[in-house]
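Work through the exercises below with the structure open. Try each task before reading its solution.

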Protein chains: 2
Amino acid sequence: MAVNLKQLAELLGLSQTTVSRALNGYPEVNAETRQRVLQAVRETGYRPNRAAQRLATGKAYSIGMVMPIAAGIDSDVHFGEFLAGLGEEAVKHDFHFVLNPSAPEDEEATFQRLAASGNVDALFLAYMRANDPRIAMLKSLSIPFVVHGRSIGETRDYPFLDIDNTGAFYDATRLLIQLGHQRIALINGPDYLTFSIRRMKGMARALVEHGLNLDEALVHHSLMTDEHGYRSMQRFLQHPDAPTAVLCSSTVLALGAVRAINQAGLAIGRDISLIAHDDVLPMLKPENFSVPLTTTRSSLRAAGGRIATRLIAGILKSGDYPDQELWRAELIVRASTGPAPQK
Amino acid sequence: MAVNLKQLAELLGLSQTTVSRALNGYPEVNAETRQRVLQAVRETGYRPNRAAQRLATGKAYSIGMVMPIAAGIDSDVHFGEFLAGLGEEAVKHDFHFVLNPSAPEDEEATFQRLAASGNVDALFLAYMRANDPRIAMLKSLSIPFVVHGRSIGETRDYPFLDIDNTGAFYDATRLLIQLGHQRIALINGPDYLTFSIRRMKGMARALVEHGLNLDEALVHHSLMTDEHGYRSMQRFLQHPDAPTAVLCSSTVLALGAVRAINQAGLAIGRDISLIAHDDVLPMLKPENFSVPLTTTRSSLRAAGGRIATRLIAGILKSGDYPDQELWRAELIVRASTGPAPQK
DNA sequence: ACGGATATCCAAAGCGCTTTGGGAGGAAAG
DNA sequence: CTTTCCTCCCAAAGCGCTTTGGATATCCGT
């Protein structure tokens, strides 16, 4: 049924060499011939056999990732969404995954095994922590990798894709300050992850620039579940000098926060303003909240896709992508932010 | 660095044929010779090249799965845990994954593409629903598969691994009845998934056998998050004729339920009894609950591993595993169940 | 002692692709 | 008109494994 290179070459009256070259973009083939080849590919539905390519090129055509087995990580919506982006893109290029579950303490060994197995061409790393030791490890492994996020307190000489968390929360905070808010709270992700650290930093910077200070009592760190959002918000509302605005590190947290606010009988956007970071989770759209949410937006799925793209391009040496990318998050103002209520 | 078959054969003064046969368990090789070969493998650390094996055998050495992109599925802890089991086992045998994210409406096409790609030797299916159309689809695809769970209202002629959900909740319910409980509630998973359906059935059966009835007001279906557990339990407690015992379909649900009970000032195991189904999530152990939880236990991770094992054995035609398995869940009595309180 | 099993082993032919090392033919250069 | 240089194409050699189709040697019964 499926044709192979040899048959395709015969069909065209060409040699396998030429057909192979035409397909792989080598220069020493006539433009017209190349067109004929491409046309024939379309007609026959020819797809190169990956196993043969692997054997011939020594490439594995697959990317490895260590799946962390730890509380609140593999389990969370955000991970699934990111994985979806990665998977979508990988499948397009007919790339495989090697998913290696590993407890944090074995991670190092797992990476090494994976790299040594010859079964993956590249590795992927996420959930960056401050001074993350895994980066040095990966560098020593002589296998390409991309990290999602950035470490803190490390040299910056490794490939990454991150969003400008500092900038996003700086912008969000400044918007709130401009609206007159003085008491602003933060419901953040786990405190050891760098994105949380940076978001808090962005917020603090904006406050300081406007002569305000970050009140530590108004900052909560936790796994990003709706439950934690609910509890944090409840506690904030009980605070003697309750905040008039709150930043959430995820729409999932915001979900819980909104619930707490409603329960307290307050009006979002009037009594209290809310801005959430939106990872663009398909089942949780900020515009569908009862009061549409002002957000800093950056798609996690897109990030997953982009990382796959870069990893694959790196393996195939096709296309040229920047080694380090910092995506800006868009600040999208909706109804959940309004002027600070008068005392 | 790494030796290949040829080198290994030379080293041993044998032909590649013989070495290959020795390794793959063919009979036409002297026992002593085989030992020598195995010894040499140990010494050299020889590992067959998977790409070459793929090419020679036509097998892909990888298993495909469609990752559902839908609310409360890919996102949940249970999925992660299951995936971990699958991944662990697959990696042991040096198998790959092809993770194909897909929205429910494209699932069919995704499966077909995956099967046709020649990139996977077997498929895996989960989140069974009643009358699940995907089973007939997979059967028509002429590619081996195993489903996790069972459909309802379908012929039973397909390979599956399921746990005896009916039995588990039957047992749990009977225990509660024996303890004198008459009003028993159920906090269940989504109502369209077969495990939920069966658990409710098991519960109903036990009740009926003891002259009791399932009160529909005491049954909630929802995604299995701690939040939903909390809310359901809260509502049950407000019920005019509140239950004295509750079954939860997951320890995650139980987490929320326990919170609601504590908040209401009730004592677990005395004022109200609780039994949860325990998927053996490493970060949520029933014995670590403030009042250790009585559970029906069956490890999700083990199920993932077992499915990988079966799939792999099927591909390799090594080992003989039953085509259909129904695992019993163990009823483990801890402190959360006690005699029904006197009115 | 001999034909025929039986037990072990081997050479060689693929699997489908990439890549090396030319070769033919025409254009540009001398 | 020869020499050199491109341009475009091809034959063939792998990549590392499995598997077919024998070989060779041993051992059996008769």
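The exercises cover the protein–DNA contacts of this predicted model.

**Exercise 1.** Find which residues are closest to DNA strand D, and how the surface near this strand divides by residue class.

*Solution.*
- Step 1. Collect the residues around DNA strand D: there are 28.
- Step 2. Pick out the closest: Thr17(A), Arg21(A), Leu5(B), Ser20(B) and Arg21(B).
- Step 3. Sort the residues of this surface into 10 nonpolar, 14 polar and four charged.
- Step 4. Assign elements. α2 (16-23) and α4 (50-57) of chain A, and α2 (16-23) and α4 (50-57) of chain B, each supply at least two residues.

**Exercise 2.** Identify polar contacts to the phosphate oxygens of DNA strand D, using a cut-off of 3.5 Å.

*Solution.*
- Step 1. Take the side chains. An N or O atom of Thr18(A) is 2.8 Å from a phosphate oxygen. For a polar side-chain atom of Tyr46(B), the distance is 2.7 Å.
- Step 2. Check the backbone. A polar backbone atom of Asn49(B) lies 3.1 Å from a phosphate oxygen.
- Step 3. Look at the strand's atoms within 4 Å of the protein: 61% belong to sugar or phosphate, the rest to bases.

**Exercise 3.** Which parts of DNA strand C do the side chains of Thr17(A), Asn24(A) and Thr33(B) approach?

*Solution.*
- Step 1. Start with Thr17(A). A side-chain N or O atom is 3.2 Å from a base oxygen.
- Step 2. Turn to phosphate oxygens. The side chain of Asn24(A) has an N or O atom 3.2 Å from one. For Thr33(B), the corresponding distance is 2.8 Å.
- Step 3. Place these in context. α2 and α4 of chain A and α2 and α4 of chain B give two or more residues to the surface near DNA strand C.

Conventions
Residues numbered from 1 in each chain as written. Chains lettered and ligands numbered in written order. Predicted model: local features only at pLDDT ≥ 70, side-chain atom pairs only at ≥ 80, totals over all residues. Heavy atoms only, no water. Near = heavy atom within 4 Å. Polar contact = N/O pair within 3.5 Å; in protein donor to acceptor, adjacent residues only side chain to side chain. Helix = DSSP H or I, 4+ residues; strand = E, 2+ residues; numbered from the N terminus. Nonpolar A, V, L, I, M, F, W, Y, C, P; charged D, E, K, R; others polar.
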